[in-house]
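Reader: I would love a close look at one part of this structure, the sheet in the second chain and what packs around it. Could you walk me through it as you would at the bench?

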Amino acid sequence: MTARPTAPDYSSLDPCVHCGFCLPACPTYLATGDESDSPRGRIVLMRALERGEIGADDAALLQHLDACLGCLGCEPVCPSGVGYGRGIQTAREQLFARRGPSPLAAAVLGVFRRDRVWRPAFTVARWLRATGLPRVLAGGGRAGFGMGMLAASAPATARGGAPGRRLARPSAAAAAPTVALFRGCVMDTLFGHVHDATRRTLEANGYRVVEVEGQVCCGALHEHAGDRAAAESLARSNVEALAGSADWIVVNSAGCGALLKAYGHLLGTEAATELAGRVRDVSELLADRGPRPGGELPLEVAYDAPCHLQHAQRVHAAPLAVLGAVPGLRLRLLPSSDKCCGSAGIYSVLRPDMARAVLDLKIQSFAQADPRPDVVATGNPGCLMQIGAGLRAAGLAIRVVHPVELLDESYRRAKIYG
Amino acid sequence: MSPALIEELGRIVGPRWVRHRRAELKTYAMDGLPTRESYPGVVVIPASSSEVREVVRLLHLAGAPFVARGAGTGLSGGAVADPETVLIALTRMNRILHVDPVRRRAVVQPGVVNARLSEAVAPLGLHYVPDPSSQAACTVGGNVAENAGGPHCLKYGVTTNHIVQLEVVLPDGSTVELGSPHGEPWGPDLVGLFVGSEGMFGIVTAITVRLEPVPASVRTLLADFPTVRAASEAVSSVIATGIVPAAMEMMDRACVAAVEASIYAAGYPTDAAAVLLVELDGQPDAVEAESETVRAILCERGARSVRSASSAADRARLWQGRKKAFGAMGRIAPDLAVQDAVVPRSALPDIMDRIAEIRDRHGLSISNVFHAGDGNLHPNISFDRGDPDLVHRVHVACHEIMAVCVAAGGSITGEHGVGSDKLDYMPWIFSPETLAAMRAVRRVFDPAERANPGKVVPVHACREWRAARGAQ
């Protein structure tokens, strides 16, 4: 256990002068119009918590701090550079230490702590998905929305799901940089097809992908909930498994990537810092190589930026470069493309009403778009499922895919894989 | 606040849109001016004109005071309420109801964010001109209440010049239409009276605004000066030619340093004593000729360099830096007192010297960012409220700066309003008779003075109050 300061440190909030420029960047404020659900309002609450003016068991304080998605959309618009993310993380750890997780949160977080629990659970989910039932049952109600999420995790084409298909003749020479794929939990089970597309497109761009055993869940869900001990424990396992494995650690889930890049900060060890420095989103590695162009894919594609890619990792251009390598693909950014979809880790499970209110703003912009996109591309499993379910609930025939899936399909058309 | 009233409010807007727990009230205890803090009694967030009407009607019957609030970006403590008062937040009323591109009008709800309106009508080649620096967050309803200004008001006028009709819920719950969509001045100019009334006359629930065509050509110049005085003199010289720039903004070294350290860094030279941002717009030929004239004057007045924005993106960056400057002041110290005063343009160079003298005498950190073209100053005093002695010096310095501006023939506010922050200064520029007249007008709309009580018109300074006190 690393030593932690006894008094929670909220100094990152000091520069806030209460200007309110963060309000329109906050998805929950946009959904409710209530300043208690805004970054500025939450900063006031955190400061009150820090000073002891409001107790850590105050129901209203808990409600509004818990309602924060943690999307960090407020940080890039703040002229004073307030470290909102660090502040809310401190608050979450302080509150977690005091009250622990809710029974539902404890159950969900417990599942992700042990792969002998989550792996069978997601395997069952995959079987259920294979029956085609989720697609039929998808709808706007709570159960229907859950089914829609599962349906949205399915590969877009039957071919895309071909497990483990690799390059016939890997272009990777011995000198090619090696890449270890971070498998994760949801990605490794429900999104195996995205892992396959990741491997294929990286090898087509001159990387050699290696497999590393002994990985566990990244711990982002636990960290997000304030359960730092669990996050640290998972992080340590991953650092041990991945250390020295490859030149790069590639992640295709923005949420996992954001935490892996912050392992150094989380664990405070040299090994963790060294590892974190080698973590890249798949789009970054591909963009470094161009990526090489593929075959034509005449599609209207709306790119939707995962919060943990654009705000936490500050990766903006790379996913656009990946999509730009697909000839014929018409890429667009809709007005809501930089706003959180409401997924936010396990937020959509714990606070479904607010998650849906936040999602609805995004779905509206898809519905109003002219021409309507054929495909939404976004690089995070939670976003893929949340947006996919929202589109199904709204009756919009728009597919949701990971950007590398489109590049993969494009390469297939160009017969790059032989 | 009485539980019965809270329940009644919940019946109108739905219980989840009534906020009354202490933590929630705390998030509404300040606006953009964190030096004035006061918990409201309850916050109610209505969704429609009819809900506003019902809420105000209920408060009328209950005799309860109320304050209307938009995004809470105001800088005079105008949108905060005391524990006896109901705060009515209009942020959920954020729809653009109608756009008429031919007659160039839009009808919006009060909670529409200023910048969203211009974005929405941009595809039609139109925009809503008043552009307060907080436009990314502030609401049109709040702009109406404060008669908000902004950089481009130098050429195009302030909010009141762009509002043609208002739907207003009066403090007794009745609804009236002021003005007309045509904008013709039929009868008394009640729109003009209402705009800038800072919430004293009622709550606006629908606003018909003028839209203007986006100028055919725009040129933005960035000039930097070795002294604040030289920059101030350059401003007067430009205006003296008869050219009216769309905007003319000044930032001093301290302000530039804060902006350049932020994500809105615009490439302002950090070693300059002052930078001027001058924008010219109109037909291409005229803009070209005027910008050459302005460039020559700026150089003549000692500008070290004058550069023109190279692209639309560069121009946007230059403006973002200016508009986010106030928000960037948190980089200097955790607390900020934003001042707002107007002085005759010709007095600018001397006033800037006087402000520097006041700053040095009190050992304060002051950064200046302001609308130089119309003499609207914003000295920003950075401080830490944890230091009581410093807080006192800030308070004294604010008074002194205001006194200097008034003595130079200026005014106590240019665009931020009086609210509660400037209440004490009102008697400096208005006689007891004038203040009594203001109060009488207020009472026409609101006989019991329940709408934004205690703000704008200082009761203790008006004639009746003095007479009553004198009789004691």
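Author:
**A sheet and its surroundings in chain B**

Leaving aside residues up to four places away in sequence, B:Leu276 touches B:Ala223, B:Phe225, B:Ala231, B:Ala234, B:Met248, B:Met250, B:Leu298 and B:Ala372. Happy to start there, with one reminder: this is a predicted model. B:Leu276 is also listed, together with B:Val275, among the residues with the most contacts inside the largest nonpolar core. That core has 279 residues, and the list of its best-connected members also includes B:Val44 and B:Ile88 from chain B and A:Ile249, A:Val250 and A:Leu260 from chain A.

Now to the sheet itself. Seven strands of chain B form an open sheet in the order β15-β12-β14-β13-β18-β20-β16, and their pairing is antiparallel. At its edges stand β15 (305-308) and β16 of chain B, each paired on one side only. From one strand to its neighbour the turn is 20 degrees on average, ignoring direction. As a general reminder, strands of a sheet pair through backbone hydrogen bonds, either parallel or antiparallel.

Let us follow some of the pairs. Strand β13 (residues 247-252) of chain B runs antiparallel to strand β14 (residues 274-282) of chain B, and six bridges join them. Here B:Met251 has B:Val275 of β14(B) as its bridge partner, and B:Val275 is one of the core residues named above. Helix α11 (residues 312-323) of chain B lies across β12 (217-225), β13 and β14 of chain B, at about 55 degrees to β12(B).

Further along the order, β20(B) deserves a pause. Strand β18 (residues 365-370) of chain B pairs with β20(B) in the antiparallel sense, over four bridges, and B:Asn368 has B:Pro379 of β20(B) as its bridge partner. β16(B) also pairs with β20(B) in the antiparallel sense over four bridges, with B:Asn380 of β20(B) as the bridge partner of B:Val338. The side chains of β20(B) alternate: B:Pro379, B:Ile381 and B:Phe383 point one way, B:Asn380 and B:Ser382 point the other way, and all of them are buried. Because five of the five residues of β20(B) are buried, this strand is largely enclosed by the rest of the structure.

One element that β20(B) helps to cover is helix α13 (residues 388-407) of chain B, which has 20 residues. α13(B) reaches 29 Å from its first C-alpha to its last, close to the 28 Å expected at 1.5 Å a residue. Its buried residues are B:Val394, B:Ala397, B:Cys398, B:Ile401, B:Met402, B:Val404 and B:Cys405. Viewed down the axis of α13(B), these buried residues fall within an arc of 155 degrees, so they line one face of the helix. On the other side of α13(B), B:Pro388, B:Asp389 and B:His392 are exposed. The cover over the buried residues of α13(B) includes β16 (335-338), β17 (341-342), α12 (348-362), β19 (376-377) and β20 (379-383) of chain B. After α13(B) comes B:Gly409, with a positive phi near 90 degrees.

How does this tie back to the starting point? The largest nonpolar core has 279 residues, and α13(B) gives the most to this core, with seven residues.

Since the core list also names A:Val250, a short visit to chain A rounds off the picture. A:Val250 is the bridge partner, in β3(A), of A:Leu181, and A:Val250 also stands opposite A:Arg280 in β4(A). These strands belong to an open sheet of four, in the order β2-β1-β3-β4 (chain A), with parallel pairing. β2 and β4 (279-281) of chain A are at the edges with a single partner strand each, so one side of each is left without a neighbour in the sheet. The twist from one strand to the next averages 40 degrees. Helix α10 (residues 192-204) of chain A packs on this sheet, where it touches β1, β2 and β3 of chain A, and its direction makes about 175 degrees with that of β1(A). Three bridges join β1(A) to strand β3 (residues 248-251) of chain A, and β3(A) and β4(A) likewise pair over three bridges in the parallel sense.

Note on methods. Residues are numbered from 1 along each chain as its sequence is written. Chains are lettered from A and ligands numbered from 1 in the order in which they are written. This is a predicted model: local features need pLDDT of at least 70, side-chain atom pairs count only at pLDDT 80 or more; totals for chains, interfaces and linings use all residues. Helices (H or I, at least four residues) and strands (E, at least two) are DSSP runs, numbered from the N terminus. The expected span of a helix is 1.5 Å times one less than its number of residues. A residue is buried if 20 or more other C-beta atoms lie within 10 Å of its own, exposed if 12 or fewer, and partly exposed in between; C-beta atoms are placed from the backbone. The arc is that of the directions from the helix axis to the C-beta atoms. Two residues are in contact if their C-beta atoms, placed from the backbone, lie within 7 Å. Two strands pair if DSSP finds at least two bridges between them. Axes are lines fitted to C-alpha atoms, for helices over the stretch in contact, and angles run from 0 to 180 degrees between N-to-C directions. A nonpolar core is a set of buried Ala, Val, Leu, Ile, Met, Phe, Trp, Tyr and Cys residues joined through C-beta atoms within 7 Å.
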